[in-house]
Amino acid sequence: MLNYTPKEVVEREALKINPCKTCQPAGALYAALGVNRCLPHSHGSQGCVAFHRMFLTRHFKEPVMGSSSSFTEGSSVFGGGSNLKTAAKNIFDLYDPRIIAVHTTCLSETIGDDLGSIITEMDIPEGKYVVHCNTPSYKGSHVTGFTNMVSGFVNYLSRKTGTSNGKLCVFPGWGNPGDYREYKKLMKAMKVPFSMLPDTSGVLDGAMTGKYEMYPDGGTTIEEIEGLGDCISSLALGIQTSEPSAVALKKKCGVDYNAIPLPMGIENTDKFIMTLQQFSKEDVPFEVEEERGQLVDMMVDIHPYTYGKKVAIYGDPDTVLGITQFCLELGMIPKYVITGTPGVQFKAAAEAMMEKFGIEDSVIKAEADLFYLHQLMKNEPVDIMIGGTHGKHIARAEGIPLVRMGFPVIDRYIHSYMPLVGYKGGMRMAELIVNAIMDYQDSHCEEKDVEMVM
């Protein structure tokens with residue numbers, strides 16, 4: 001049916017068609033999974049958390065846990081305070097987490113439940129914790145909810161004792177477990193002592209052992225979160241997603257921060273490595289330099305196939321900006337760059353990149369949807385799309401290749417184990433992009449033009 005998408009673009013203010021996002025609680029739930037022995041809790045109906053768990057499970061191909069306040073008609077009218085108190089008692093008794101991370105939903109936000117007051121009235125067992133954040137589903141996106149939950153952990157738990165722990169606090173932003181593992185690998189190689197919040201590696205990419213663990217060993221520990229206030233400084237990766245959490249830590253504990261783009265591609269990863277080097281004062285090890293050289297060599301090799309190709313990029317703001325930067329480094333032309341998440345930083349950062357690389361007439365838009373992107377492509381086609389699964393019908397309708405990167409990817413496997421960040425992540429992106437272009441060339445050229453060596 002997408003073949004019948006009209007070319008004429010009409011301004012829409014009150015309607016989203018095929019939105020390029022999902023709602024805040026999904027992001028808050030994912031952030032909470034990055035804390036050790038944490039049970040995410042949805043303060044709303046059972047249907048809300050069921051959807052968010054399903055959404056994340058489809059992307060990560062791992063069972064996602066979460067509990068609910070189980071709102072009924074009465075809770076929806078008179079408030080869900082008693083539901084939350086009962087739920088917390090049952091959760092600690094039955095499932096024994098160390099911490100419950102509560103996020104709100106449309107229902108509880110519309111009612112106006114004061115979660116801070118409700119939590120102070122709870123009888124929380126000794127050594128256990130309950131934190132919360134507000135995530136109204138009718139504004140922002142899953143990225144906003146992720147940010148709010150990370151900031152919630154900081155606001156509740158982080159403290160300054162006056163004794164430095166010598167660490168760098170890292171807010172990695174929205175990423176896959178494979179991305180978080182790559183961050184940790186690079187920081188260890190650079191001999192940087194760090195605490196990272198959140199960290200879903202070891203939680204949503206665990207090995208098959210034949211035994212189900214409700215709380216895997218992975219995730220940032222409560223002690224690490226408490227110690228963030230004693231860090232020397234903090235580093236926010238992804239300006240729109242992570243900087244608000246770094247600001248929250250600075251306001252509460254006085255920890256200075258630095259915010260840089262997601263380390264995707266050559267230039268942005270160089271910034272990340274140099275920032276780590278300034279912290280550790282150590283030389284960049286050979287294995288990191290070697291990875292960079294390998295990526296540069298790959299980019300030179302594939303340049304004849306990527307140069308001048310027009311690309312449509314969509315997804316989460318910081319991820320889209322990182323992919324756009326790498327596409328520019330490959331000589332591609334990012335014709336359409338959109339995100340479903342609102343925020344002025346996105347457009348300003350994308351425009352600065354385009355100006356630096358001399359790209360004109362690109363369409364850059366935040367709080368956009370995929371129907372709008374398809375209309376743009378109807379008016380001026382592109383050679384390739386890069387983004388999540390929800391663009392596959394557009395790619396099929398327009399007869400162009402789709403490279404699956406970002407979130408969500410629900411129709412393919414293995415992706416969440418593989419990084420897109422760092423030099424290794426650049427190699428992965430380069431492989432996916434050039435092979436998609438070459439596969440398309442093989443399958444669409446005439447028989448006489450099929451080449452054995454390309």
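Which exposed residues does the face of H14 turned away from its buried side carry? That face carries Val-344, Glu-355 and Lys-356, where exposed means over 50% relative accessible area, buried under 20% and partly exposed in between (1.4 Å probe, protein chains only).

This is a predicted model, in which local features need pLDDT of at least 70 and side-chain atom pairs count only at pLDDT 80 or more, while totals for chains, interfaces and linings use all residues. Residues are numbered from 1 along each chain as its sequence is written, and side-chain values use heavy atoms, with hydrogens and water left out.

**Helix H14**

Helix H14, residues 344-357, has 14 residues and reaches 21 Å from its first C-alpha to its last, close to the 20 Å expected at 1.5 Å a residue (the expected span being 1.5 Å times one less than the number of residues; helices are DSSP runs of H or I with at least four residues, and strands are E runs with at least two, numbered from the N terminus). The buried residues of H14 are Phe-346, Ala-350, Met-353 and Met-354. Seen down the axis of H14, these buried residues fall within an arc of 100°, so they line one face of the helix, the arc being that of the directions from the helix axis to the C-beta atoms.

**Cysteines**

The count of disulfides, each a pair of cysteine sulfur atoms within 2.5 Å, comes to 0. The sulfurs of Cys-23 and Cys-169 are each too far from the closest cysteine sulfur for a bond.

| Cysteine | Closest cysteine sulfur | Relative accessibility |
|---|---|---|
| Cys-23 | Cys-106, 6.7 Å | 18%, buried |
| Cys-169 | Cys-231, 5.1 Å | 0%, buried |
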